[in-house]
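Trainee: I would like to take a close look at a single part of this protein and understand how its pieces fit together. Could you go through it slowly with me?

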Amino acid sequence: MKKKNLFTVLLMFIVCMAMLLVGCNNDPTGGDNDNNGNDDTHTYYTVTFDSNGGSAIESQRILEGNTARRPNVPVYGGYDFTGWYKDDAATNDLWNFDTDRVNSDLTLYAGWELTSDGSEKPDIPDDGQKNVLVAYFSATGNTEPLARFAAEVTGGTLYEIVPKIPYTAADLDYTDNSSRANREQSNPDSRPEISGRLDNIERYDIVFIGYPIWHGQAPKIIYTFLESYDFDGKTIVPFCTSASSGLGSSASNLHAFASDADWKDGRRFAIGTNKSTIASWVDGLNLNIQKEQEMKISIKSGNLEIIYLLNDSKAAKELYEQLPLIVAVEPFSNNEIIFYPEKLDTSDAPFAKGGAGSLAYYAPWGDVVLFYGSFNESSSLFELGKIVSGVENIKNLSGTVTITAC
Ligand SMILES: Cc1cc2nc3c(=O)[nH]c(=O)nc-3n(C[C@H](O)[C@H](O)[C@H](O)COP(=O)(O)O)c2cc1C
């Protein structure tokens with residue numbers, strides 16, 4: 001009898017110890033067996049948010065088959081957020097946070113449309129360089145190397161304008177009045193189709209356009225190219241090769257097809273022109289391809305970080321020159337966090353407008369304002385910059401922050 005009791009107590013002790021061990025494991029995955037926190041019964045996936053130029057959104061780790069959490073709404077000056085999409089074009093396939101379930105690692109893409117007040121689309125953030133595109137058409141290969149040289153010396157993107165229907169030797173026979181090239185050149189309405197389409201022409205500031213001279217003019221496929229995109233505000237630099245003819249009116253006749261562009265004088269090159277000739281031509285164009293360094297600042301407190309892109313006002317430059325700064329921040333009203341730098345010169349600063357994410361300077365008090373909500377414009381409130389990322393962190397800033405250039 002006693003033996004039986006002892007055995008029962010021992011058994012209960014072992015069971016209790018086992019339960020205790022399981023209970024001590026607070027890991028929600030039930031114990032990691034791999035680096036992703038997955039084990040035999042639980043698989044977690046990462047949902048990444050690509051904000052497409054808007055403020056950064058943190059990724060989430062979601063248990064397989066569960067729905068993702070609806071993240072904060074990202075912000076992007078000049079745009080309204082339209083939702084999170086499954087397709088990277090962010091146009092078709094909207095993610096439904098109530099019903100869509102996570103069954104693999106995935107990325108969701110922010111959709112944006114211009115703000116309803118019709119404000120101008122902001123420049124796409126860049127890396128401090130003017131972006132150059134070198135687009136060219138070359139039927140027999142003479143213009144192609146010159147275009148490549150131009151792309152190399154400018155650091156630009158080379159893009160070949162490829163005809164949907166390739167030109168045969170017979171098509172290019174300029175001695176035959178009825179050859180395809182000759183017919184196209186004598187028909188003002190001819191617009192040979194281009195194969196494929198260039199992505200993101202809006203990212204380019206300067207577009208070189210190279211072509212062969214065909215009967216004194218640019219081939220009609222160059223007209224197709226110009227009519228296919230919006231060149232408003234871009235600088236266009238035409239260049240060509242020929243057997244002997246000069247540039248003539250071939251470039252100026254193109255102006256009407258991108259009339260809002262800033263056209264530079266074109267130049268004709270002989271077949272076989274070398275790279276150094278192209279380099280000194282590009283140099284002489286004074287395109288100022290190297291842009292001034294952007295002024296980005298990081299405001300950090302603990303693991304919270306907010307990044308702003310400053311404008312080029314004197315006030316913003318003076319703030320930038322004061323960095324690094326370690327300052328106390330304090331909340332103000334229900335939409336601001338503020339700090340006090342040394343006095344800034346607001347003589348050429350624009351008035352602050354917009355909402356969350358604006359970085360401003362309130363001249364009467366001399367404080368820098370980090371807005372996390374909408375605000376009223378005022379003739380004393382000047383804009384210093386716009387948010388790049390971390391808008392969701394602003395309202396949580398407190399105590400001392402470190403501000404550095406980044
Ligand atoms: C249909 C056609 C018309 C041409 N017309 C002229 C012309 O008017 N003047 C000239 O000097 N060369 C003319 N050429 C020669 C080309 O301009 C020259 O070979 C050019 O370098 C070709 O460039 P690509 O190889 O990049 O196509 C013509 C060539 C073709 C196919």
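In which sense do strand β15 and β17 pair, and over how many bridges?

Mentor: Please keep in mind that this is a predicted model. Strand β15, residues 336-339, pairs with β17 in the antiparallel sense, over four bridges, and within this pairing Ile-337 has Leu-370 of β17 as its bridge partner. On β17 there is also a pairing with β16, where four bridges join the two strands and the direction is again antiparallel; here Leu-359 stands opposite Leu-370. The hairpin formed by β16 and β17 has four residues between the strands, and in this hairpin Gly-366 takes a positive phi near 75°. Four of the five residues of β17 are buried, so this strand is largely enclosed by the rest of the structure.

These strands belong to an open sheet of nine strands, whose order is β13-β19-β11-β12-β18-β16-β17-β15-β14, with antiparallel pairing. The edges of this sheet are β13 (325-328) and β14 (330-332), each of which pairs on one side only. On average, and with direction ignored, neighbouring strands of the sheet are turned by 30° against each other.

If you now go to the edge at β13, you will find four bridges joining β13 to strand β19, residues 400-405, in an antiparallel arrangement. In this pairing Leu-325 has Ile-403 of β19 as its bridge partner, while Val-327 has Val-401 of β19 as its partner. Strand β19 also pairs with β11 in the antiparallel sense over four bridges, and there the bridge partner of Lys-300 is Thr-402.

Helix α6, residues 314-321, lies across several strands of the sheet, namely β11 (296-301), β12 (304-310), β16 (358-362), β17 (367-371), β18 (381-389) and β19, and runs at about 60° to β18. Within α6, Ala-315, Ala-316 and Leu-319 are buried. Seen down the axis of α6, its buried residues fall within an arc of 100°, so they line one face of the helix. The strands against which these buried residues of α6 pack are β12, β16, β17 and β18.

It helps to remember here that, in soluble globular proteins, nonpolar side chains tend to be buried together. The largest nonpolar core of this model has 48 residues, and among them Ala-315, Ala-360, Tyr-361, Leu-370, Phe-382 and Leu-384 touch the most other members. Strand β18 gives the largest share of this core, five residues. Because domain 1 (44-114) and domain 3 (296-405) both give residues to the core, it lies between them. For a closer view of one member, consider Ala-360, which, leaving aside its neighbours within four places in sequence, is in contact with Ala-352, Val-369, Phe-371, Leu-381, Phe-382, Glu-383 and Leu-384. There is also a second, separate core, which has 39 residues and includes Ala-135, Tyr-136, Cys-240 and Ala-258.

Finally, you can set this part against the whole chain, which has six helices and 19 strands. Of the 406 residues in the chain, 30% are buried. Among the contacts in the chain with a separation of 6 or more, 67% are between residues 24 or more positions apart.

Notes: Residues are numbered from 1 along each chain as its sequence is written. This is a predicted model: local features need pLDDT of at least 70, side-chain atom pairs count only at pLDDT 80 or more; totals for chains, interfaces and linings use all residues. Two strands pair if DSSP finds at least two bridges between them. Axes are lines fitted to C-alpha atoms, for helices over the stretch in contact, and angles run from 0 to 180 degrees between N-to-C directions. Two residues are in contact if their C-beta atoms, placed from the backbone, lie within 7 Å. A residue is buried if 20 or more other C-beta atoms lie within 10 Å of its own, exposed if 12 or fewer, and partly exposed in between; C-beta atoms are placed from the backbone. A nonpolar core is a set of buried Ala, Val, Leu, Ile, Met, Phe, Trp, Tyr and Cys residues joined through C-beta atoms within 7 Å. Domain bounds come from an automatic or database domain assignment. The arc is that of the directions from the helix axis to the C-beta atoms.
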